[in-house]
Amino acid sequence: MASRSLLRRIAQQPSQVAACTRVFSTARPLRQEAAPSDLVPPPTSEVKKPIWRSVAESAGPVTPYNLSIGRLLAAGLHLGHSTALWEPATLPFIFGTRQGISIINLEHTLVYLRRACNVAREVAYRGGSILFVGTRPGFQDLTIDAARRCEGYHVSSKWIPGTLTNAQQVLGRHAPPDPENPGRIPKTFKPDLIVLLNPLENRIAISEAQLNMIPVIAITDTDYDPRLVTYPIPANDDSIRGVELIAKVISTAANDGVLRRKQLLDKRSRQH
C-alpha cells in the first residue's frame, strides 16, 4: 500500500520527476577500469632521470674550467670505503661517516683536482710526455681515451715490473730503430708525468716513479695513503663514472697545454 501511494504522489508532481531526471543525466559516469595499454606511458612522455645525468645534460660537457662540487657529487666521488679499511692519513679529506662508510669532503677534491689539471697543463705546454695508467677492469677504455685526447701514452692491461727502472730490457725490443744508425741500440724514453687511476693495484709503478723522480697524479681513496704520491686527488676510485670524469678533466687540461705549445711554435716559426 505504501508503494502505491508513493507512485500516485509522484504522478501528481511531474516537475519533480523531470528535475530528478536532469540530475541523474548530468551526473558523472562511473569510473571504468583502465586498459593495460593505458598503464604504460607513451614513448614521448618524460621519464625521471638520475641526478648525475640531469646535471651533466643541463651543464654541458665537463671541462677543467666548469668544475663544481655538484658535478663531483653526481659522479659519486664522495663515497669512500668502509671505516674498517680507513687509512688515518686521509683524515683531513674526510667529511664524516654514514652507515659505516667514510664520506669524502668534495671541497678538498675540487681543489686538488684543479691543482692536478694545472700540473698536467704545464707539463704538456713544456713538451713533456704524460702516461695514463688504469689497469682495473672497466678502466681500460677510459684510460685509452684520456691518453688519445692529449696525445699521451697509456698502460691499460698490466704494469710490467721494471718498465721504468729496467726500461732498456723491458721496452727496448718495442722501441723503433734509429733511422740514421739502425745498428745502434734503440733508445727508450721515460714519461715526465704519470696519471694513475688505481694506485692500490700499482704500488710497483709508484715505487719506480719515485726512484726515477717522476711526479705522480693519483686518485687516492680513504683506504690509501695520499703521502705516497706527488699530487693526490681524494676521491672514490671504485666509481667508473667518477674515474672517467677525473681522467677526462686532466686529459682536457693537458690537451690545452698541447694546443698552446703548438700555437707558440707556429708563432716562432713565422717570426723566423
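This report describes the fold, the nonpolar cores and one buried leucine of a protein chain.

**Overall picture**

The model is predicted. Its protein chain has ten helices and eight strands. Of its 272 residues, 38% count as buried. The chain exposes about 17,500 Å², and carbon and sulfur atoms supply 57% of that area. Contacts often span the sequence: among those between residues at least 6 apart, 59% join residues at least 24 apart.

**The nonpolar cores**

The largest nonpolar core holds 37 residues. Within this core, Ile130 and Ile250 touch the most other members. The table lists the elements that give two or more residues to this core.

| Element | Residues |
|---|---|
| Helix H6 | 106-125 |
| Strand E4 | 130-133 |
| Helix H7 | 140-149 |
| Strand E6 | 193-196 |
| Strand E7 | 216-220 |
| Helix H10 | 240-271 |

Another core, of 15 residues, lies apart from the largest one. Its members include Val133, Trp159, Ile206 and Val229.

Ile130 has contacts beyond four places away in sequence. Among them are Ala120, Val123 and Ala124, along with Gly152, Tyr153, Leu193, Val195 and Ala254.

**Leucine 164**

Leucine 164 sits in the loop between strand E5 (153-155) and helix H8 (167-171). Leucine 164 counts as buried because its relative accessible area is 4%, and the cut-off is under 20%.

Which residues does leucine 164 touch, not counting those up to four places away in sequence? They are Trp159, Lys190, Pro191, Ile194, Glu208, Ala209, Asn212 and Ile214. Alanine 205 is 41 residues from leucine 164 along the chain, yet their C-alpha atoms are separated by 8.1 Å.

Terms used: Residues numbered from 1 in each chain as written. Predicted model: local features only at pLDDT ≥ 70, side-chain atom pairs only at ≥ 80, totals over all residues. Heavy atoms only, no water. Helix = DSSP H or I, 4+ residues; strand = E, 2+ residues; numbered from the N terminus. Buried < 20%, exposed > 50% of the residue type's maximum accessible area, 1.4 Å probe, protein only. Contact = heavy atoms within 4.5 Å. Areas by Shrake-Rupley, 256 points an atom, 1.4 Å probe, with all protein chains shown as cover. Core = buried A, V, L, I, M, F, W, Y, C linked by side-chain atoms within 4.5 Å.
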